[in-house]
Amino acid sequence: MKKIIAYTILAISTYSTAFAQKDSQAKAILNQVSQKYRSYDVIKTDFTFSLNNQQANIKETQTGTLISRAKTGKYRVTLYSAAAKPEVDKEILSDGKNQWTYLKKDKEVQVSDADKSGDGLSNPAQIFTMYEKGFKYLYTGEQKIAGKAYQNIELTPEDDKKAIFKVKLTIDKAKKQLYSALLFDKNGNRYTYTVRTFTPNVPAPDATFAWDAKGHPGVEVVDLR
């Protein structure tokens, strides 16, 4: 019996050490991604966004563009329609204090306080740094995609009341850049962001991140603050 107990303690100890090593490895990888992202003044990415819910028979895909100034919390997200000739479907802009959500079809812009939830849904820029607050993380191994090495990390929120209960990140090992993020919510939705291009230090004046009322005549303003 003493031997069994000893082996059990050894096994638990070994497992705990391995888990800690994976955790530290995940943290080191994520820190590299975050540091590189924050080292740029402005980044621009083209991405694909998809929503899948098998139970509700929902499967939607859109393309989008993100322009972000991470150090000041400013961003501009543009989502395009899935038509043969894509047009602007929705835009989300933030100057770090206010957020404007422009719904082109409805000719409406909603004004609210800047979203700082960190869930990565309303602001794709947050997927680059969301792990920094409120998440536990675990390195789950490497995989090859088109001959390139990618590292996989799984995030789980410390608060189990969060709508998003799991996030899977795929990191380009050589570039130390986020390749994709898969978010799972409790309603059965699966949200996937896949980065198609990543361009650092693009020109972006402050006007890029603020609502241009003059450029959008006839659009109704709905203040939700």
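The legends below go with close-up views of a predicted model of one protein.

**View 1. The whole chain, from the N terminus on.**
Welcome to the protein, which has one helix and twelve strands. The helix comes at the start of the order of elements, and the strands follow it one after another. Of the 225 residues, 41% count as buried. The protein exposes about 13200 Å², and carbon and sulfur atoms supply 52% of that area. Among contacts between residues at least 6 apart in sequence, 45% join residues at least 24 apart.

**View 2. How confident is the prediction?**
The mean pLDDT of the protein is 85, and 86% of its residues reach 70 or more. Please look at residues 2-22 with care: their pLDDT stays under 50. For this stretch the model has three contacts beyond four places in sequence.

**View 3. A sheet of twelve strands.**
Twelve strands form an open sheet with mixed pairing. If you walk across it, you meet β7, β8, β9, β10, β11, β1, β2, β3, β4, β5, β6 and β12, in that order. Which strands stand at the edges? They are β7 (135-145) and β12 (220-223); each has a single partner strand, so one side of each is left without a neighbour in the sheet. On average, neighbouring strands are turned by 20° against each other, direction ignored. As a reminder for this view and the next two, strands of a sheet pair through backbone hydrogen bonds, either parallel or antiparallel.

**View 4. The edge with β7.**
Here β7 runs antiparallel to strand β8 (residues 148-157), and ten bridges join the two. To find your place in this pair, look for Phe135, which stands opposite Pro157 in β8.

**View 5. From β5 through β6 to β12.**
Strand β5 (residues 98-103) pairs with β6 in the antiparallel sense over six bridges. Trp100 stands opposite Val111 in β6. The two strands form a hairpin with four residues between them. In the turn you can find Lys107, which has a positive phi of about 50°. How do β6 and β12 pair, in the parallel or the antiparallel sense? Their pairing is parallel, over four bridges. Gln110 stands opposite Val222 in β12.

**View 6. Ala125 in its loop.**
Ala125 has its place in the loop between β6 (108-113) and β7. Is this residue buried or exposed? Ala125 has a relative accessible area of 6%, and the cut-off for buried is under 20%, so Ala125 counts as buried. Leaving aside neighbours within four places in sequence, Ala125 is in contact with Tyr37, Leu66, Ser68 and Tyr75. Now look for Arg76: Ala125 and Arg76 are 49 residues apart in sequence, and their C-alpha atoms are 8.9 Å apart in space.

**View 7. Thr208 in its loop.**
Thr208 lies in the loop between β11 (190-200) and β12. At 15% relative accessibility, Thr208 counts as buried. What does the side chain of Thr208 reach at 2.9 Å? The answer is the backbone oxygen of Pro205. Beyond the neighbours within four places in sequence, Thr208 is in contact with Ile67, Arg76 and Leu93. You have met Arg76 before, in the view of Ala125.

Note on methods
Residues are numbered from 1 along each chain as its sequence is written. This is a predicted model: local features need pLDDT of at least 70, side-chain atom pairs count only at pLDDT 80 or more; totals for chains, interfaces and linings use all residues. Side-chain values use heavy atoms; hydrogens and water are left out. Buried means under 20% relative accessible area, exposed over 50%, partly exposed in between (1.4 Å probe, protein chains only). Contact means heavy atoms within 4.5 Å. Accessible areas come from the Shrake-Rupley method with a 1.4 Å probe; for residues, only the protein chains shown count as cover. pLDDT is the predictor's confidence in each residue, from 0 to 100. Two strands pair if DSSP finds at least two bridges between them. Axes are lines fitted to C-alpha atoms, for helices over the stretch in contact, and angles run from 0 to 180 degrees between N-to-C directions. A polar contact is a pair of N or O atoms within 3.5 Å; within protein, one must be able to donate a hydrogen and the other to accept it, and residues adjacent in sequence count only if both atoms are side-chain atoms.
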